[in-house]
Amino acid sequence: MKLYSRDTQTQVKHMILTQYLDTWCGIIFNPKMRYLAKQRLSSGQRFDPHFVYVDCFSSIGRYAGDKHRSSDMVEGSPIIGIRALDRLVESTRKDEIPIRVNSILIEKDRKIYQGLLETLSIYEYANRVRETNDFACLRPGEIAVLNADATKLVEKLVGYTTSGFTWAFYLLDPYGAGIPYDFVCPIVRQEHHDVMINFIYEDLSRKAGMARSDKVGAQQRQQVENWTAVFGNEEWKNTEQEVRQAMHQATDSSDNEESKRVERALVDRYNHVLRRMDPTLAVKLVDLQFPEKERTMFYLFLTTHDPTGALSLNKTLYNAKLWEQEIRSVRRLSKEMEETGQMAFFSAQEHLAEPTAPPRPTNDVIASDILKRFSGKIATRREVYRELVNEEYFPEEIDKALGLLKKRNKAHFEGSLSHDKPPIQFSKS
Ligand SMILES: C[S@@+](CC[C@H](N)C(=O)[O-])C[C@H]1O[C@@H](n2cnc3c(N)ncnc32)[C@H](O)[C@@H]1O
């Protein structure tokens with residue numbers, strides 16, 4: 001089976017996935033949970049946490065290498081997911097906490113599916129693979145692999161990942177059109193379910209153009225309707241019109257500015273669609289660019305019910321923009337080198353400029369934001385995190401701001417902060 005090289009945006013996507021999975025495991029299996037686990041086990045009580053990685057659009061699981069970077073084989077999302085769960089199991093081994101992990105990999109295309117099985121053998125997982133959709137029969141560590149249409153399996157998947165003491169991480173990463181509302185909704189709204197969705201803006205922007213035209217054929221009309229299935233209704237088709245009308249009334253705007261606003265409006269609309277699926281859901285997103293153009297290729301939407309998880313994702317997504325800059329400049333430079341035959345690639349890397357990090361909000365800014373919201377109240381740190389879940393702050397930035405408020409006598413608490421204690425008494429702002 002022909003293997004492809006991994007492009008810039010896929011490299012960044014995989015970095016985000018790896019970091020998100022590690023953060024997810026770390027937040028759920030935190031020191032408090034470990035402590036509780038040990039207590040329960042030592043008193044003979046049952047403790048059976050179960051972690052499941054579900055890769056609904058798996059593909060083959062490996063790439064020939066990174067474009068313009070290395071020629072060695074690199075792993076795709078199925079292997080990234082399996083490894084993250086194996087790292088979690090490894091981290092609990094010394095405490096002798098038995099946790100169960102399983103992965104489910106789904107690929108519709110028969111040939112690619114065969115390639116995926118081959119990949120799992122290459123990475124030495126063959127003895128853990130079960131070609132089954134009877135998930136309940138999986139033994140700890142086993143990997144269910146299915147040659148199927150994932151969108152037809154939602155009930156079965158959610159039935160499995162909501163049973164027992166289970167946490168699930170779903171990756172929804174198709175090609176082309178987005179993923180139907182009816183498939184996404186039952187997954188994202190479950191407690192203990194984190195989801196990463198690839199929202200392919202490149203395709204949406206083309207279909208938005210077609211939606212306005214009378215000259216499209218039946219096949220293209222169907223492609224437009226696939227996006228209606230993603231948004232759950234037809235309203236998205238009016239977005240472009242609404243933005244253009246609003247802009248023409250306001251100023252003389254450039255085409256570029258106009259298409260940026262249309263992009264923003266379509267992405268906001270999808271953000272609202274997700275939030276409406278479950279008002280308690282935190283939704284984060286990041287745009288990833290085409291390798292050689294200043295244009296968005298896709299957005300990754302990340303959903304969680306955990307405020308600490310959501311704030312930690314801010315950091316992952318902030319880092320992702322730095323990785324993207326770096327990988328894109330390596331690509332640009334090494335391409336130039338290849339074309340001119342000037343210098344070996346590795347010396348080219350030495351000539352790279354440091355990526356420019358966007359500024360962060362200062363402790364002062366975050367502290368006054370917190371004080372404004374909690375003036376005169378008593379709250380735990382967990383409540384502060386929950387209140388700030390839709391902001392861009394990192395958890396450690398919030399902690400520093402709380403420390404600053406304490407130093408200024410605007411927040412009062414004893415000892416060091418954890419999620420549920422001590423309570424924080426805020427002064428009136
Ligand atoms: C973008 S690729 C996935 C890449 C992979 N997540 C990675 O990062 O390595 C999408 C894959 O989904 C498969 N696919 C498309 N529709 C599907 C469906 N309804 N069910 C399962 N797989 C599907 C395609 O054949 C393709 O291999």
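Below is a short conversation about how the labels on this predicted model follow from their definitions.

User: Before we start, what should I keep in mind about the numbering and the model?

Analyst: Residues are numbered from 1 along each chain as its sequence is written. The model is predicted, so local features need pLDDT of at least 70 and side-chain atom pairs count only at pLDDT 80 or more, while totals for chains, interfaces and linings use all residues.

User: Happy with that. What makes residues 363–374 a helix, and how does the span of H13 compare with the expected one?

Analyst: A helix here is a DSSP run of H or I with at least four residues, a strand is a run of E with at least two, and both are numbered from the N terminus. H13 has twelve residues, so the helix minimum is met. The expected span is 1.5 Å times one less than the number of residues; H13 reaches 16 Å from its first C-alpha to its last, close to the 16 Å expected.

User: Which residues of H13 are called buried, and why do they count as lining one face?

Analyst: They are Ile366, Ala367, Ile370 and Phe374. A residue is buried if 20 or more other C-beta atoms lie within 10 Å of its own, exposed if 12 or fewer, and partly exposed in between, with C-beta atoms placed from the backbone. Seen down the axis of H13, the buried residues fall within an arc of 100 degrees, so they line one face; the arc is that of the directions from the helix axis to the C-beta atoms. On the other side of H13, Asp364 and Lys372 are exposed.

User: What covers those buried residues of H13?

Analyst: The cover includes strand S13 (378–379), helix H14 (381–387), helix H15 (395–407) and strand S15 (424–426).

User: How do you know that S13 and S15 pair?

Analyst: Two strands pair if DSSP finds at least two bridges between them. Two bridges join S13 to S15, which run antiparallel, so the pairing condition is met. Ile378, for example, has Gln425 in S15 as its bridge partner. The open sheet has three strands in the order S13-S15-S14. S13 and strand S14 (411–412) stand at its edges, each with a single partner strand, so one side of each is left without a neighbour in the sheet.

User: What makes S12 largely enclosed, and which strands pair with S12?

Analyst: Eight of the nine residues of S12 (296–304) are buried, so this strand is largely enclosed by the rest of the structure. Five bridges join S10 (193–199) to S12, and eight join S11 (282–289) to S12; both pairs run antiparallel. Ile197 has Phe301 in S12 as its bridge partner, and Gln289 has Thr296. A hairpin through six residues joins S11 to S12.

User: Where does S12 sit in its sheet?

Analyst: The order is S7-S8-S6-S2-S9-S10-S12-S11, an open sheet of eight strands with mixed pairing. Among the pairs, S2 (50–55) and S9 (166–172) run parallel and are joined by six bridges.

User: How do you know where the domains lie, and how many residues are in contact between them?

Analyst: The bounds come from an automatic or database domain assignment, which gives domain 1 (5–337) and domain 2 (363–426). Residues are in contact if their C-beta atoms, placed from the backbone, lie within 7 Å. Eight residues of domain 1 are in contact with ten of domain 2. Helix H11 (307–340) supplies the largest share of the side of domain 1 that touches domain 2, seven residues.

Conventions
Contact = placed C-beta atoms within 7 Å.
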